[in-house]
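User: I would like to learn how to read a protein model step by step. Could we take a few features in turn, with the general idea before the case at hand?

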Amino acid sequence: MADDSDQEKTEQPTEKRLRESREKGEVPRSRDLSGAMVVLAGVAALMSSGPSAYLHAQRIFSLGMHYSRDALFSDALPGRALVAAMHEALALFWPVAVATMLATLGAPLLLGGLNFSGKALEPKFERLDPIKGLGKIFAMRGLVELGKALLKLLFIGAVLALLLRHWQAELQATGSGSVTAGIAQSISLMGRAALWFGSMLALIGGIDALYQKYDHGKNLRMTKQEIKDEMKESEGNPEMKGRIRQVQQAQARRRMMEDLPRADVVVVNPTHFAVALRYDDGHMGAPRVIAKGVDVLAQQIRLVAGSHHIPMVEAPPLARALYATTEIGREIPSALYVAVAQVLAYVYQLKQATAQGETPPAAPVPDVDPELMGPYRDT
């Protein structure tokens, strides 16, 4: 048999493999997609609070320009100015902070879902091995990540350069007018630049998310031998399962033979079937099968029944129907109540006649629906 390493991983991962991967913290993730969502959320929050943001930014700029002569010579001025600037900055940026925080928490839901793994937090000292670290840098995955980073840098840099060239006149105009107009124009340019930047990141993040999902699925693929080994591990070795089943069947037969002496009657087919019945009207709703068997096992049941003087009644259709419809320890179905009642009545009459030395009654011939015999109808 070929070694697993020589086989191609062509099979989709099993549920067990996927579950183990999540437990290890190995789920598809795209830093580009997360970054794009954070930037877009921040830009959206900033632009939606435009008038308010403009007002707070204006107050921050004006803090250093509107002081009385007495205030300028006061030792408390720097502290008051700093506190006021911090309040205005907090009011300016808290919508952005909340939006970006929510985007940071929500980004994983788009790819791989939320997943907390304690195993991922376990220290792995092999990661400190510099030789393995160099190997990862020059591995195919490392080269792919390097190529992606260079492409992103070139793409975003080129687009932003074109935007700056296109907005050159507007950038120069921010310093030629009033302070109020300059602040408003600066915020507008920053918002548009950030929106472009976030849009480019979203495009790159979408492509990267598809690649990360494909790469994660590819890394989890399994060989046919791995699937066979997993099936053996989860379902157990077939030979061991067969041995366990044999032991269980032997134990069940032993318990059945131990219960057999308590039977009221054994319904038999002369050559194949034997079914032992017991009925206790004080504890049972209907007669119950306490032993059954075919061929060799049926012969053993007849021998045990004979040694314990348990009456045996030949009723082939009823024996086959009882064997087909009722498991050991279960009560008989209602469709067989009349037939079994005839047999039990015959047994009670037989015991009474034997005890009083009277002529035994005639054996009953119960009428049984052939459909109840199942696969043993023509046996």
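User: Which residues are buried in helix α13 (residues 316–325)?

Analyst: Please keep in mind that this is a predicted model. As a general idea, an α-helix has 3.6 residues a turn, so residues three or four places apart point the same way. In helix α13, the buried residues are Leu 318, Ala 319, Arg 320, Ala 321, Leu 322 and Tyr 323.

User: What do the buried residues of α13 pack against?

Analyst: The buried residues of α13 pack against three strands, β1, β2 and β3 (288–294), and also against the helix α14 (337–356).

User: Which way do the valines of strand β1 point?

Analyst: In a regular strand the side chains alternate between the two faces of the sheet. Strand β1 (residues 265–268) shows this in its valines, since Val 265 and Val 267 point one way while Val 266 and Val 268 point the other way, and all of them are buried.

User: How many bridges join β1 to β2, and how many join β1 to β4?

Analyst: When reading a pair of strands, it helps to ask about direction as well as partners. Strand β2 (residues 273–278) runs antiparallel to β1 and is joined to β1 by four bridges, with Ala 274 of β2 as the bridge partner of Val 268. The connection between β1 and β2 is a hairpin of four residues. Strand β4 (residues 312–314), by contrast, runs parallel to β1, and three bridges join the two; here Val 313 in β4 is the bridge partner of Val 267.

User: Why does Asp 208 count as buried, and what is Asp 208 in contact with?

Analyst: The general idea is to compare relative accessibility with a cut-off, because buried means under 20% relative accessible area. Asp 208, which lies in helix α9 (residues 179–220), counts as buried because its relative accessibility is 6%. Leaving aside neighbours within four places in sequence, Asp 208 is in contact with Ser 30, Arg 31, Asp 32 and Lys 148.

User: Which residues form a nonpolar patch on the surface?

Analyst: The patch is formed by Leu 90, Trp 94, Val 98, Met 101, Leu 102 and Leu 105, which together have about 650 Å² of accessible area. One of them, Trp 94, lies in helix α5 (residues 77–110).

User: What does the secondary structure of the chain come to, and what share of its residues is buried?

Analyst: The chain has 14 helices and four strands, and of its 379 residues, 30% are buried.

Technical notes: Residues numbered from 1 in each chain as written. Predicted model: local features only at pLDDT ≥ 70, side-chain atom pairs only at ≥ 80, totals over all residues. Heavy atoms only, no water. Buried < 20%, exposed > 50% of the residue type's maximum accessible area, 1.4 Å probe, protein only. Pairing = 2+ DSSP bridges. Contact = heavy atoms within 4.5 Å. Patch = residues over 30% accessible without salt bridge, like charges linked within 9 Å, V, L, I, M, F, W, Y side chains within 5 Å. Areas by Shrake-Rupley, 256 points an atom, 1.4 Å probe, with all protein chains shown as cover. Salt bridge = Lys/Arg side-chain N within 4 Å of Asp/Glu carboxyl O.
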